[in-house]
Amino acid sequence: MSDSRPPVNLTIDGRAVQAPAGTNILEAAKLVGVRVPHFCYQQDLSWEGSCRMCLVAIEGRPKLVPSCCEEVREGQVVLFSRPDAEEARRSQLEFLLINHPLDCPICDQAGECKLQDYYMEHGGYASKMPRDLKVHKRKVVDLGERIVLDKERCVLCSRCVRFCREVSGSSALQFFTRGVTTEIGTENNQPIEGDEYIGNVVDICPVGALTSKDFRFKQRVWFLKSSPSVCTQCSTGCNIRVDHKDGVVYRYVPRRNADVNKSWMCDYGRDSYRGEQEDRILAPLLHDGRSLKDTTWDAALDLVADRTRAALQADPASVAVIASPRQTNETNWLARRYAKDVLKTPHVDYRVDGSHERTTLMHDAILRRQDPHPNNSGCAALGVIPGAGGADVEGILSACAAGRIKVLHLLGTDVLTARHDTARVVDALKKVPFVVVHAYRDVPMLTDLAHVVLADANHVEQEGTLVNAQGRVQRLERAFPPPGFARPAAAVLPELASRLGGALPQGDGAKLFDLMAQAEPAFGGLTWSGLGPKGQLLPHAVPSTVGS
Amino acid sequence: MSDTTSSVAYTPIPRPKSRIPLRPEALAPIAPPPPKAGTVPKGAPGSERPSFLLTAMGLVVTIKNFLRSASSRKNDPTIQYPEERRQYSPRFRGIHQLTKRQDGTLKCVACFMCSTACPAECITIEAGEHPNQKYEKYPVRFDIDMLRCVMCGLCVDACPEEAIIMTQDYEMSATTREQTVYPIALLADRAQLTSTPAGYRPRYEPGATLVR
């Protein structure tokens with residue numbers, strides 16, 4: 001992404017920096033590895049300069065300058081490590097610590113607390129403040145179903161106030177009273193309602209004043225490992241960081257991507273970590289006449305291959321594959337090749353519920369989009385659409401109801417969960433003699449309708465890519481292997497294909513993406529390593545399949 | 001994977017004959033053949049040969065100590081356990097104890113310092129919300145797996161609340177594996193379970209009262 005602003009040259013601590021005009025000195029210092037401490041500055045909020053932690057000395061200026069509010073100028077000589085600047089920052093930290101409660105053992109922010117980090121950097125371990133003179137404020141203020149406020153811990157950086165005013169528009173948090181009793185809160189400590197982005201204030205609060213009720217006391221953050229990933233609850237594809245331990249995800253935290261979600265994510269996506277791990281299917285399931293029972297992969301895939309082969313021999317158009325806009329690009333690519341090259345059936349489609357027509361439409365004014373599936377754009381780019389004489393999803397469901405489909409292969413449970421006419425879908429599927437589903441969660445009606453359930457991995461447990469509504473290809477990294485015997489569909493389809501006499505490429509997500517990018521012109525020129533943590537735009541606009 | 005209990009004898013891997021001749025040193029065996037059982041190799045020093053006199057000379061210290069211990073009770077270092085017990089130093093590190101505040105609640109606030117500091121990773125804690133806002137956090141679950149514990153006392157050093165100390169208790173025999181994981185019930189009321197005094201406690205000021 002090129003920056004059209006003219007570059008400015010300056011020196012920070014003797015190191016030469018070139019930054020676009022309009023950048024503040026704090027950001028310019030980051031470019032040369034000088035980490036200026038700051039509380040009130042946040043990259044995606046307005047500049048405030050109230051915390052006074054980022055003070056630096058600039059040659060020729062009589063006083064120290066807050067580097068977060070000062071734009072870079074040509075030829076500036078910035079001295080971050082000058083003794084008076086260091087002393088000023090240390091004193092400012094001491095001021096903030098004077099009334100800060102000794103809450104580290106009970107505070108959730110321990111381990112990711114800016115006050116702790118700067119305290120360790122700056123020293124000052126012998127406090128000159130008698131403990132009984134500290135100002136006390138209300139602790140454990142319940143601000144609704146997401147946030148717990150501790151007024152004593154607040155360092156008055158105003159990040160939450162500015163967020164609620166500038167980003168979410170709710171102005172839910174304000175300053176009250178003055179002087180040493182200044183505190184953050186809501187009017188009359190009322191719970192915060194109606195703000196669907198309030199979870200972000202927990203991330204931006206540098207101390208433990210605003211903490212997440214959902215995450216409260218669950219785990220100490222230094223025990224958690226982090227993996228980068230992408231939220232899969234809508235087509236915006238906010239970049240997230242998955243914090244997990246021992247195969248359990250504890251929270252999603254947004255990852256900054258200036259082009260997609262800045263530093264934010266919506267509460268709906270934030271909550272989704274729980275649903276992704278519940279009611280997991282741990283092994284492939286086989287219907288033995290009465291109910292679904294656990295089985296081995298070999299038994300399940302052998303049965304699927306046998307029944308599919310039998311149906312194809314009788315009538316090639318009696319086998320249908322429904323791909324999924326919730327699966328990765330690699331899985332959908334293999335599904336399209338499985339249907340068209342291995343099974344040679346024209347019935348393959350991804351448009352399960354009409355959401356592909358709403359992919360780019362916004363649900364609210366900030367981030368969330370109307371399309372609840374993360375990869376409609378990827379499926380469109382891959383052309384997972386019916387072949388000549390083939391039926392789309394609506395046609396496939398009609399054919400199922402008419403009894404013309406003998407084997408139905410579903411790459412996800414979306415036809416059962418994402419549609420409004422679930423009753424019609426259930427009736428149609430009941431008439432299909434053999435239904436194979438890749439599912440990672442038990443959903444209603446699945447056990448009544450599926451004859452074979454292939455235990456799938458969710459997006460946190462597999463490596464792959466998704467394309468968001470802007471046409472940006474973003475990587476999913478694998479945090480941990482799927483539970484039990486579950487395997488991602490991209491690993492299962494090649495085994496199924498080989499049983500049917502075909503061949504599909506095998507490998508991890510990175511290898512499959514590179515192969516796919518070479519084979520598909522829509523992804524031409526992209527590589528897994530080239531995508532990087534922030535993703536890349538598709539080289540051409542995503543073809544619209546509305547009405548085709 | 002090859003079957004390790006195979007009855008087929010091991011046959012050396014056939015290697016093609018090389019056209020490069022081996023050096024004469026390579027043809028000689030690397031080590032001399034082991035000596036026959038009950039003999040010493042040729043050229044061994046005289047002290048390696050079995051000798052009753054040398055054996056007796058080696059046992060002199062042992063026999064001296066044995067005779068001293070057997071001479072009288074006073075010289076015998078053995079104590080008659082369990083009737084007699086050893087006295088240990090006041091900083092002896094025995095079984096852990098969770099201490100209490102004056103009002104009877106556990107001092108522990110589930111900060112996980114002990115769990116993090118433990119080199120054996122034997123402390124498992126789950127935190128919960130305390131109904132009293134002044135205390136705010138308390139351990140819902142606090143298990144120490146005594147079979148993993150190495151009694152190092154790093155948990156006591158790490159605790160910021162003086163909530164965990166070690167007693168001078170060391171008797172922890174059990175008949176099942178489940179009995180060796182000590183939950184809060186076994187750790188918190190240790191003063192009632194034993195009569196030994198408190199052991200490893202770093203902040204022992206004279207006159208300080210420790211509610212056990």
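**Exercise 1. Find where A:K262 lies in chain A, and describe its backbone and its exposure.**

Solution. A:K262 sits in the loop of chain A between β13 and α6 (267-275). The model is a predicted one. Next, take the backbone: phi of A:K262 is near 50°, a positive value in a residue that is not glycine. Most residues other than glycine have a negative phi. Last, take the surface: A:K262 has a relative accessible area of 39%, so it is partly exposed.

**Exercise 2. Carry out the steps of Exercise 1 for A:D246, and decide whether A:D246 is buried or exposed.**

Solution. A:D246 belongs to the loop between β12 (239-245) and β13 (248-254) of chain A. Its phi is positive, about 55°, although A:D246 is not a glycine. The relative accessible area of A:D246 is 69%. Exposed means over 50%, so A:D246 is exposed.

**Exercise 3. State which residues the cis peptide bond joins, and place B:P82 in chain B.**

Solution. The bond is between B:Y81 and B:P82, with omega about 5°. B:P82 is found in the chain B loop between α3 (60-71) and β1 (96-98). For comparison, most peptide bonds are trans.

**Exercise 4. Describe the surroundings of A:N239.**

Solution. Start with the position: A:N239 lies in strand β12 of chain A. With a relative accessible area of 1%, A:N239 is buried. Then look for partners of its side chain: there is a polar contact with the side chain of A:N257, at 2.7 Å. Finally, list the neighbours, leaving out residues up to four places away in sequence; among those touched by A:N239 are A:S229, A:V253, A:R255, A:N261, A:Q474 and A:K534.

**Exercise 5. Identify the buried residues of helix α14 in chain A and what covers them.**

Solution. In α14 (residues 489-499), the buried residues are A:A489, A:A490, A:V492, A:L493, A:P494, A:L496 and A:A497. The elements covering them include helices α7 (297-314), α8 (329-343) and α15 (509-519) of chain A. Strands β18 (407-410), β19 (434-439) and β20 (452-455) of chain A also take part in this cover. Just after α14(A), A:G501 has a positive phi of about 85°.

**Exercise 6. Characterise the interface of chain A and chain B.**

Solution. First count residues: 11 of chain A are in contact with 16 of chain B. Then take the area: about 1200 Å² is buried between the two chains, and carbon and sulfur atoms give 59% of this. On the chain A side, A:P105, A:I106 and A:F217 lose the most area to chain B, together 46% of what that side buries. Now turn to the charged and polar pairs. The rule finds three salt bridges across the interface. B:E136 forms a salt bridge with A:R216, where the closest N and O atoms are 3.1 Å apart. Six residue pairs are in polar contact across the interface. By class, the side of chain A that touches chain B has six nonpolar, five charged and no polar residues.

**Exercise 7. Explain why A:C113 and B:C108 form no disulfide.**

Solution. Zero disulfides are present over all chains. The cut-off is a sulfur pair within 2.5 Å. For A:C113, the closest cysteine sulfur is in A:C107, 6.2 Å away, and therefore too far for a bond. For B:C108, the closest cysteine sulfur is in B:C114, at 6.3 Å, which is again too far. A:C113 is buried at 7% relative accessibility, and B:C108 is buried at 9%.

Terms used: Residues numbered from 1 in each chain as written. Chains lettered and ligands numbered in written order. Predicted model: local features only at pLDDT ≥ 70, side-chain atom pairs only at ≥ 80, totals over all residues. Heavy atoms only, no water. Helix = DSSP H or I, 4+ residues; strand = E, 2+ residues; numbered from the N terminus. Buried < 20%, exposed > 50% of the residue type's maximum accessible area, 1.4 Å probe, protein only. Contact = heavy atoms within 4.5 Å. Buried area = accessible area lost by both parts, 1.4 Å probe. Salt bridge = Lys/Arg side-chain N within 4 Å of Asp/Glu carboxyl O. Polar contact = N/O pair within 3.5 Å; in protein donor to acceptor, adjacent residues only side chain to side chain. Nonpolar A, V, L, I, M, F, W, Y, C, P; charged D, E, K, R; others polar.
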